[in-house]
Every structure is written in structure tokens, then in C-alpha cells.
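Reader: I have this model open next to its sequence and would like to talk it through before I go back to the bench. Could you take me from the overall picture down to single residues?

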Amino acid sequence: MTTSRQKKRSVLPLLQVISISLISSVATASEPTADQLAFFENEIRPLLIKHCYECHGDGGHAEGELFLNSHQGVIVGGASGPAAIAGKAKESLLIRAVEYRGIEMPPNGKLPQSEIDKLNRWVEMGIPWPQGENDPAAPPAVSKKFEPTQEHLEHWAFQPITSPTPPEVARTDWSGNPIDRFLLASMQKQGIEPNGPATRGVLLRRVTYDLTGLPPTPEELNAFLADESSDAWEKVIDRLLASPHYGERWGRHWLDVARYADTAGDASDYPVPDAYKYRNYVINSFNNDKPYDRFLIEQYAGDLLAADAPPEQYEELITATTHLALSRRFGYNDTNFLYFHLTIQDLLDTMGQSVLGLSVGCARCHDHKFEPISASDYYALYGIFSSSKFTFPGAEEVRAPKDLVPAIPPEKAVELQKLREEQVAAQNQKIRDLLSFVANFQGGFESTDKLPPDWGSDPQAVVVTGSSSPFLNVAAVGNRALQLPNDPRNLGVRRPIGVFTPESEEPLFINVDFRNVNAEAGGDGYYRVALDHPENGFSPAVEVFVNAHHVAIRRDGAFAEVAPLTMGEWYNLQLVVNWKSKNFSGVVTGPKESWSFEDAPFNPSWDGIANSWVIDGHGTDSTLHRPQRELDNFWVQNEPLLSAREVNPVTAETFAGQIAETQGKVAELRKSLDELNSVPSFPTVYGVREGTVENARMQMRGEPDRLGDEVPRGYIEILGGEKFPENYPGSGRLLLAKWLTAPENPLTDRVIVNRIWQYHFGQAIVSTPNDFGVRGARPTHPELLDFLATKFRESGHSFKAMHRLILTSRAYQVSSDNVSSANEIDPTNIWFWRRNNQRMDAESLRDTWLTLSGELDDSMGGSHPFPPIPQWGFSQHNPFDAVYDSNKRTVYLMTQRIKRHPFLALFDGADPNASTGKRESTTTPSQALFMMNDPSMHQRSYQFALRLTQESSEKPEQITRLYQMALSRVPTDEEIRRAERFCESYAQNLPADADRPNLSLAAYVRVILSSNEFLYLK
């Protein structure tokens, strides 16, 4: 008999087959991108291993029949249905479970929101998973012995760079530049002939944007059109390469790859005020044609080079290491080791993709699933950077930067730091001296019935009226005094006096008036007048003891009486404290007599610091009652006092005026001190330096609290990697940098010349510029790629030499015409027979608008107006968020990690969270609406119109100038007539009092700036 339960089980396989066929057809509709797979390997797989595999897949076990260790397991799901639906995170069971919406997984505690966000993003992007991964078991943390496969060993990118000879070709017009010979030979094998050359106007616009990101001026266009010399094109190239705008354009390309940002990237996204120095370092390096190998070495080990470099190079070399320090941060403070491993992974991932074209970061949790990179390789590299000390940017729990690197040599830094400390100490001493005068006046208690805010006291210490000392040596007779009760408790009052040590040169002079007023409960207990500091068990230096009967001091371990006392009578006590000789002298003056003592020794237990004056009962017999006492005229100064019988001629009114004047001076000094402290003692860099050197231990499944074997520092094995010498004393960053740039390394030069080619042609020879591994694309022209890499090396790794080689080729200068015969054979232009039209990137668009409107500030950018560091209070719930607009070039805009700049996000700017090998290019209604309606576009189009009308009052000339400046050509007669009709019609719809000529022309400017001819470079 078949039960209903059995029936349900019997149809389950059929349902699973149907589910697999339907879901798989959706899931495999588009192959995951390299970035998506990297996101899965770096963020999702470790998360699933850590939180899910124990119950849903590890060892073949699956609660609820749900396996989460394979793509099939996720999309088919278990007894409750599919775990995730591609592109529909909120509807997915997995997301509902981790968000605790009805189901609560993991059951032992909700995941951090950052991990929930990653899972949401993964499902929304289509549940990317490496295709061909059929093993449902979780990959091991590390294989016992990692062995590259034959495919790995034979992979093209791991072979040495060759120096191929350009093939012979029959066409003489394509035989002058070796690049053309490689390309033409490949085209002709496919039965394709290349396009003819583009017009001079198109070429000038193309190369000017290509090298500077800015439009050519009409004057530059006319000069090029008129230049009939044989080297006219070469002169244009040289002029553009010499422009400072070249570095801004090509420096931006590197910043894409290096995932540059001005914030740290943690949940609160703290600012990095010094990051701009690295941005400018990159721009200057390109302008100076710094050799690429040197450029890389400086970024990975500039601090180590600086030690032996000329002083004038020191700051530049230290600044280069900001490349490493800009690795994304995680966590909430500067001590949590459970997060910093993610920062090093981000660094290794960026290094792998940007320099080597390999996804190194995917080997953090286990041997790489596809590439010949073992977990041992990963942790050999990891140890290099865990042996380095990174500047801390600040975070939610530690809200200020730490360990900024001096941008000057150490001995100079020490000198400037000492000078700063002396300046601060001098300012503080001035403030203390002035505050001491204020405190002296406050020590008469006549200005208020409350104690000064910086004094300390017990609640029983109260200011009383109708009582005041009769002594006039420091202040006039008043009406108030401080009173403490007839009590055995240790009650008192404490006044700060500055810091004194045995090195203090000047003696200190102290005055206090006192009287005992009541001893009904007993008065044998002592209270004391003492100088101590409360931070170390009080540790008194000076002590004078008073009870109802007498004043005493300690000599030879016993109390020695100094003066007898009469109840109700006021007495004046003056002390002279000699810090160097560690003794003090004093005089007690009563109504008729005076008593003195000399050279009383300091308390032998004094620890060498005194910063406050206290009257209390500390250290005396707490079983005896101390008399009720009143205190007045607390006065401290660094010069002799008037004797008790003398009269200070300064009146109370004069004192009040002096107090107000003094407080004003104190405010000015404090402002000056704040300004001084707001400027570093010496220039600093957000950088990296040597740390505690040690090899890393394997982190099992990528978890830093599950450590395995120690891995000696070294390089990637398949690239000829070797381990460091045993007990190597440094981090190894300089060795690593030299290995990255060594001639034996087959990847570094191939990767960078491929990038240069891509930025010139719009498509690369290897179409996956960040992935030269076995899952990346193969080169369309492998011999040309190696030829370029060889030439790059021969030129001394000169970018500008490579530009000249490429730009002087016929291939670069061909038109973008779509010839039908060639297009049928090669519609995607992989053989480079025509020029691909390229849409301007975000930076070129904005910079062009500013240029045409006359508003561009083309000077180099500096720092950003971040809030002062003392005001930083950002948190994951209130992260840093700002947009600082300016009229400088877009490369100088402040770039945030968590929240992207709105303009750059709209127009496909680089993602500052990951190495961007190639920007996506989208066309959206929002972009068109921005160009037609955004207030900034209206402002710039109006300013452009003003320029045009100021240059000419004639509409045809205005339109001609517009076309020349925006499109690098002159308009046809029909285009001029059409523009005139548009402006006339537009003006008629404007209010009568509007600026019709300029507003109508501005509207036509927006039409041109929104046209494909403007937006795309032919």
C-alpha cells in the first residue's frame, strides 16, 4: 500500500528534475562575470562554509534535505522549496531565514547585517557560482599537496614572454609600424581588409580625449588641419604627452585598477584626509613617465627605498605606500584581529588582479578551485603584509587616525616633534600662569558661592557667608569662606596647580588663611595642607598638619609642633617649596605672633610629581574628629608673597577687571593652541611601514581564529615562487616588489600592455584584463601581446614610448565606418579592422562640460574639506557621507566607498571597492534626463552660450563656434539653418523679460551635448 507520504516522496524526484531544468535555464542564461565569481569566492563561499555547512552540506549531511554547498543545492532547495531565486532576494527562503522573517537561521544567533547584505546582493546578481563545479562537497581548506595540472602548466599566460618577429605583409601602407603587420596578417587570414584612415578632425578629437580626457580647442584643430608636414601627427602626440592633463587622464586609469578612494570603506566609512597625496603621486608619476617597474616597487616598498634615497625623494616614496594602506577596512576599532585578515585579502586580491591578472584572493579559504594558486601560496603572500604596519584610519570605536607615517626622514621628524612639544608646553605654561591668577582670585570665594569647576571637593565642603579672613596680603576682606565640618571623615578640597617635578627650577609660593571654629565633637584629629597628585595613590610631597590645638610638620618620622592655635582665631600660612632640594619652609602668622620653620623634608614616599594642592584628612587617624574649619585666600604664585601683615593695594574691583582681561587672554591662547595642534608637527602619509615580522599561519577555511600550520613567506609557486630565507629580518615587501617586476615574471608586463591597448582601442587583446588565468579569455593576438610586452621592457617600461608606438600605427588611425563585408565576418571587431566608437567616460563628460562653459579650474587638486578630526563621530548607523563639488577636473573629486558620488554612479564611474579592469558602459533614461534637465547642465550650457555670444553677435558664427568646440568640426549650412530655427522657436516660448538670446542658445547647446556625435568618440 502506498501512503500519502510515500506518494509525496515518489513525485519529489520528478519535481526536482522540473525545478532543475526550469531554474537552470534561468540561472545559466548569462555566464557569471569574473567580478561576480570573485564576489562569490571572497564573500559568499566563506560565509556559507562558516555558518551553513555544518547543517546543510558538510560531510554530506543536510537538515531539511537542503544542501547549500553546491549551486544545484541552492536553486533546487530542500523540503521547503528552493533556497534562493535568482534576482529575487526578498522572495528567497534563504534571505527570509537570515533576516529572521518567520524562519530564524542560523539558529544560534542572527548574522551581522553586513553579511545579510552580502547574501542579498549575491541573490540579486543571479546567484553566481563557478560553472562546472560539480563536486557537492565543500572544498577543503587546503590540500595535503597542491599539484598544478597539465592545463595549468601549459597555460599561455604562465609561459615566458617571447620576442616574436612581425610578419611580412604585402601592403606597404601597413608595413611601417610592426603593430600593423601583426594586425594586418591576422585580418587577411580572416579575409578582412582594414578601414581607411579617419579624417584629421576625427583623429585629433580621438587622440586628445585619449591622452588628456579633454576636447581639442578650435585653434588646435585649425593648426593640425593646416600642418602639411610629414610629422604633423607625431607633433600632436608629443604635445599631448607633454601636457599635465595627460597624467590626470592616465593616472585615473591606474586609480581604477588600484580601487582608489578617499574613505576607508568600513561600516562607518571614515575619511582618509591624506589619500589625495597618493592620487597626486600617481598623476605626477604618469606625467614624469616614471618606469612602470619603479612605479610598482615604490607602491609596495617605497618606505624601504626611502631609507637610502635622497631627502628630496623621501615624501614621494613614503606616499607611494598609500596604495597598500588604501585597502578596504572592516570592523570597529584598531585591535580586532578578526577583521584585519579581510583587509589583507582585499590587498592581495587587488594586487593579484591589477598587477598579475590573477584572482589570488580566492585562495583564502581553500586551494583555488580553478587557478594554480594554493592556499599555501596565499598565506605565503599574506605573511608579507601581516608583517607590515598599516596606518589606522579611525573607526566607530576609535574615532581618530593612528600610526600615520612621517613623510620626512626619522631624525627630522624627531626634531620637529620636539619643537612642537616645546611650543605646546610654552603655550600651556602661559595658559597655566594666567589661570593661576584667576584661580587665586577664585580662592577667595567672593565671586560665587560655588567652588570653581576645576576644583575637586566633597559635598560637605561648602562656601559660607558672613566669614572672611582679616589678612590683606593677597586680597581685600570679603564676606565668604570655605567651611568643612567637625567630623572624623576624610573630607576636603583640591585645587589644581600645574605640574611640578624635582627638575622644576623655580620655587613655589603658597598662601592660605584658616581658622578652627568648632571642636565640640572633638578636635584632636588632624587635617593637612598638602601638595600631591591623585593619579598614583596621592603620593604627597609637602604636608603640613593642623588640628584644634596646633600646626605641625613631620621630621624624622614624628610630628613636630610649629605653632599653637586658638579656637576662632584666623591664621595665615605661607609655604615656600623648593623642588630641586625636596624641602619646604613656612611661616604661621596669628593675630599677634608668628612662628616659622626651615627646610622641612618632603615625604620620602613622593614619586616625583605634584599637580594639586589639597586640604583634607588623608593619611591621618580616622578615628579622631577634625575640628570644624574655615579656609580662605588660596593663593599660589612663582614669586615671593607679601608677608601676612602687609596689604595688597589691589582692590576687589580692580581684581574683577583683571580677571575679565585674563580670561580673554586665556581664550586667545587656547584658540592659538588649537590651531597649532590642528596642524601636524610634520607632514604625514596614510601609508605602510615595517611591523612585527613573522610568518603567517594557515587560517582554516579563512577563519583567523582557526589556525593551521605556519607558512614561510614567499611567492606564487607556479610563477617560479620561492620561499624567503629563514629568519629573513624584514617583511619582504621589497623582495615581493622585485619579484613582481622581475623579467622572469611572465604576467606583469603582459597585463599592463594589455591595459594600455584597451584604453587606446576600447577593447583589449585579452578581453578579461583582470583575469589572465585559466578561466579568463585567451588573447586574440598572442604574438602581438608578447611583442608589445617586449617593446615595453626594451623602452625601460616607458608608458609614453608605448603610447607613441601604438598611436603612430595605422590601426589606431582607421575610421569607425561599418563596412558590410568586414562586418559580416567580424561583427565584434576582434581583429581591429575598424575603430570602435567609444562613449565618453564620466570624467571626460564632466570635464568637457566645465571646459566648454569656461568654468574649469585646471590646477591640480589638493585635500578635501573633511570635518576636523575632533568632530568625527561616524558609526555604522551614521556613516560619513558627503559630496564636495568643485570646478576642478573630476579626478580630483572626493570619492567615497560606501556611498558613491552621485554623478560618477550615474555615468558608470569606477567602483572604488574593487579593482576595475574595464568599466561597464550603460545607456539609461536617467542619464539623458540629467543632461537635459539637471540644474548643473543648465548652468553650464548657459555659461557656454554666454561665451559664444560674447565672441560673436552673429548666430551663424555662434553655431559654427559651438560645433568646433564641442564636435571638432564645422557645421553644414543645413545644420546652421536648423540651429537658427530651433533658437528662434525656443526664444518665442520664453518670458518677454528673459535673456532670450542666451537661454535659447543654451537650450541648443544641451541638444548638441546630448547628441551621440558628442557623447561618442569615433
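**From overall form to single residues**

Author: Gladly, and please keep in mind that this is a predicted model. The protein has a radius of gyration of 39 Å, whereas a compact globule of 1018 residues would have one near 31 Å.

Reader: What does the C-alpha trace span along its principal axes?

Author: The C-alpha trace spans about 125 × 95 × 60 Å along those axes. As for secondary structure, the protein contains 34 helices and 22 strands.

Reader: OK, and what share of the residues is buried?

Author: Of the 1018 residues, 54% are buried. The accessible surface comes to about 44,400 Å², and carbon and sulfur atoms hold 52% of that surface. Among contacts with a separation of 6 or more, 70% are between residues 24 or more positions apart.

Reader: How many positive and negative side chains are there?

Author: There are 99 positive and 132 negative side chains, and the centres of these two sets lie 5 Å apart.

Reader: Switching to the inside, which residues have the most contacts inside the largest nonpolar core?

Author: Those are W254, F385, W757 and L788, in a core of 126 residues. Another core, which lies apart from that one, has 45 residues, including L451, I497, L565 and W579.

Reader: What does W757 touch?

Author: Leaving out residues up to four places away in sequence, W757 touches I179, L183, G762, Q763, A764, I765, L784, L788, I806 and F832.

Reader: Now the charged ones: is R252 buried or exposed?

Author: R252 counts as buried because its relative accessibility is 11%, and buried means under 20%. This arginine lies in helix 12, which covers residues 244-257. Beyond its neighbours within four places in sequence, R252 is in contact with G247, E843, V891, A910 and R919. R252 and L904 are 652 residues apart along the chain, while their C-alpha atoms are separated by 13 Å.

Reader: And where does K290 lie?

Author: K290 lies in the loop between helix 13 (275-287) and helix 14 (292-306). With a relative accessibility of 12%, K290 also counts as buried. Apart from neighbours within four places in sequence, its contacts are Y281, S285, F295, E298, E316, H797 and F799.

Reader: H797 turns up in that list, so what is the phi of H797?

Author: H797 has a positive phi of about 60 degrees, although it is not a glycine. In general, most residues other than glycine have a negative phi. H797 sits in the loop between helix 23 (782-794) and helix 24 (799-807), and with a relative accessible area of 10% this histidine is buried.

Reader: What about the phi of I127?

Author: I127 is not a glycine either, and its phi is positive, near 55 degrees. Its place is in the loop between helix 6 (113-124) and helix 7 (150-154), where I127 counts as buried at 2% relative accessibility.

Reader: One last residue, then: which residues does T790 touch?

Author: Not counting residues up to four places away in sequence, T790 touches I161, T162 and S163. T790 lies in helix 23 and is buried, with a relative accessible area of 11%. Between T790 and V753, which are 37 residues apart in sequence, the C-alpha to C-alpha distance is 9.7 Å.

Definitions and conventions: Residues numbered from 1 in each chain as written. Predicted model: local features only at pLDDT ≥ 70, side-chain atom pairs only at ≥ 80, totals over all residues. Heavy atoms only, no water. Helix = DSSP H or I, 4+ residues; strand = E, 2+ residues; numbered from the N terminus. Rg over C-alpha atoms; globule rule 2.2 N^0.38 Å. Buried < 20%, exposed > 50% of the residue type's maximum accessible area, 1.4 Å probe, protein only. Contact = heavy atoms within 4.5 Å. Areas by Shrake-Rupley, 256 points an atom, 1.4 Å probe, with all protein chains shown as cover. Lys, Arg positive; Asp, Glu negative; His and termini not counted. Charge placed at Lys NZ, Arg CZ, Asp CG, Glu CD. Core = buried A, V, L, I, M, F, W, Y, C linked by side-chain atoms within 4.5 Å.
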